Amino acid sequence: MNPTDTNLAPIYAEIFLLIATSAILLIDVYLPAAKRNITYMLSLLALAGTAFITYGDFAAGTTTYAFNNMVVSDPMGNLLKLFTYLSVGVTLVYARQYTTDRGMLSGNLGGEFYGLALFATLGQMVMISASSFLSIYLGLELMSLSLYALVALRRDNTNATEASMKYFVLGALASGFLLYGMSMLYGATGTLDLGTMSAKIAAGTINNTILVFGLVFVVAGLAFKLGAVPFHMWVPDVYQGSPTAVTLLLGGAPKLATFAIVVRLLVEGLIPLAFDWQQMLLILAVMSLVIGNLTAIAQTNLKRMLAYSTIAQMGFVLLGMMAGVVGTDQSNASAAYSSAMYYSITYVLTTLATFGLIMVLARAGHEAEELADFKGLGKRSGWYALLMTVLLFSLAGVPPMMGFMAKLTVLQSVLKTGHLWLTVFAVMASLVGAFYYLRVVKVMWFDEPSDTAPIRVAGDKNIVLGLNGLMVVVLGVVPGPLLNACMHAMSKTLAS
């Protein structure tokens, strides 16, 4: 390792967020519980400052490596980081009243919710910028440990405690899978750098059996982090047992970071083994679409239903990754990977508002997460019922919502590979999924309310919810800007 290769420019955003988070934690220690809003505002300012730094790198459009190629600043990573900040910031806005009502911000260390959320964000940033096994695992563990603590934050809640134990044990198992696979690949190639590893594998001098053996464990670890079948067992229990604010921190930005390391590992590092990992992703995608959609039908708890929905949605992301065949046509490969990236972003944007609405309907002493809690919502608040309808239509892939365009771009990429049967199968799976989304719409508009308590929402949350819902519609009607940004970022990343 060259000790002089310490160009800090590619990690200015990470350094800023680390310093800002540490300062926020120190300031929070001296704040009384009544002034916890200061921690909230400082956290949003920290995210805004980090976004400002990252946007400068994104606007430059350059690719820069540092620390002996352990980290990289490139268009794909910077775009994913910007949406990561947006996701975490919006989550903090939605969670403000929810966490206050449940005493999650009380006590001398009440600001730990914000500190852990920011440290999880820092871990995601490291994952997105990683270009080495070492930095990937460092970011992954920073994110995972922060999320384990967040799930267990309500120590007096048995559901949260149970969910945190399941998440910790199964997460440790998945991390072990990933680390074991990395160690096998390192032993075979003698390098931790993804670019060097790709070149050595392409030379054809390494035992293919050892490579595939390591690849299987790497794909298993990635599938767990995405929540793909058969590594999905943690998703419904953790989503349901966690406080809804934490569920959103789990189901939003981490999906973008996981997508990033999927691209880094499989496309940038292991592309010579594409034939092998594409077959694995195909199987994972098909199983996720089947199990996710069929099991979601039987759920009456909305958070659990959305967890199984997430499993099915990740099946579409895996289809997009599977459809990229580098070596035949670079533009087709870029289109396929960018469709998966576009799908991940649209899924996160829709999920933000969906769980945000669940938190809106919740109040002190009451969790609005059962299907019955949404009965007659149209009569209680037509605005929130309309917004939820738009979001569910987007998740189902109904035009003109952006979920439709996301599914369409993935299906087009799959069709270009000649997998007609797989395209038809994915469409049929989406039709099955539409049932449980439409069931919620029916309950909201046609059933009588079972809860007549007034819905009181802070003004900032109302504004952000409205903008979030508007974004879902506008980016469906005019998908070009975001789709082109994904395509441009992915093309530049693959070309570098």
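**Buried glutamates, a nonpolar core and a helix**

In this predicted model, glutamate 369 is buried, because its relative accessible area of 12% falls under the 20% cut-off. Its place is in the loop between α14 and α15 (377–380). Residues up to four places away in sequence aside, glutamate 369 touches Gln240, Thr244, Thr300, Asn301, Leu302 and Lys303.

A second glutamate makes a handy companion to this one. Glutamate 14 belongs to helix α1 (residues 12–29), and with a relative accessible area of 8% glutamate 14 is buried too. Its side chain makes a polar contact, at 3.3 Å, with the side chain of serine 129. Ser129 also appears among the residues touched by glutamate 14, together with Lys81, Leu122, Met125 and Val126, when residues up to four places away in sequence are not counted.

Turning to the nonpolar interior, the largest nonpolar core holds 168 residues, and Phe113, Trp277 and Leu319 touch the most other members. Helix α14 (residues 330–361) supplies the largest share of this core, with 19 residues. For leucine 319, the contacts beyond four places in sequence are Ala285, Leu289, Val410, Val414, Leu422 and Ala426.

Helix α19 (residues 459–477) offers a simple check of geometry. At 1.5 Å a residue, its 19 residues should span 27 Å, and the end C-alpha atoms are indeed 27 Å apart, so the two values agree. Within α19, the buried residues are Lys461, Leu465, Gly466, Asn468, Gly469, Val472, Leu475 and Gly476. An α-helix has 3.6 residues a turn, so residues three or four places apart point the same way.

Technical notes: Residues are numbered from 1 along each chain as its sequence is written. This is a predicted model: local features need pLDDT of at least 70, side-chain atom pairs count only at pLDDT 80 or more; totals for chains, interfaces and linings use all residues. Side-chain values use heavy atoms; hydrogens and water are left out. Helices (H or I, at least four residues) and strands (E, at least two) are DSSP runs, numbered from the N terminus. The expected span of a helix is 1.5 Å times one less than its number of residues. Buried means under 20% relative accessible area, exposed over 50%, partly exposed in between (1.4 Å probe, protein chains only). A polar contact is a pair of N or O atoms within 3.5 Å; within protein, one must be able to donate a hydrogen and the other to accept it, and residues adjacent in sequence count only if both atoms are side-chain atoms. Contact means heavy atoms within 4.5 Å. A nonpolar core is a set of buried Ala, Val, Leu, Ile, Met, Phe, Trp, Tyr and Cys residues joined through side-chain atoms within 4.5 Å.
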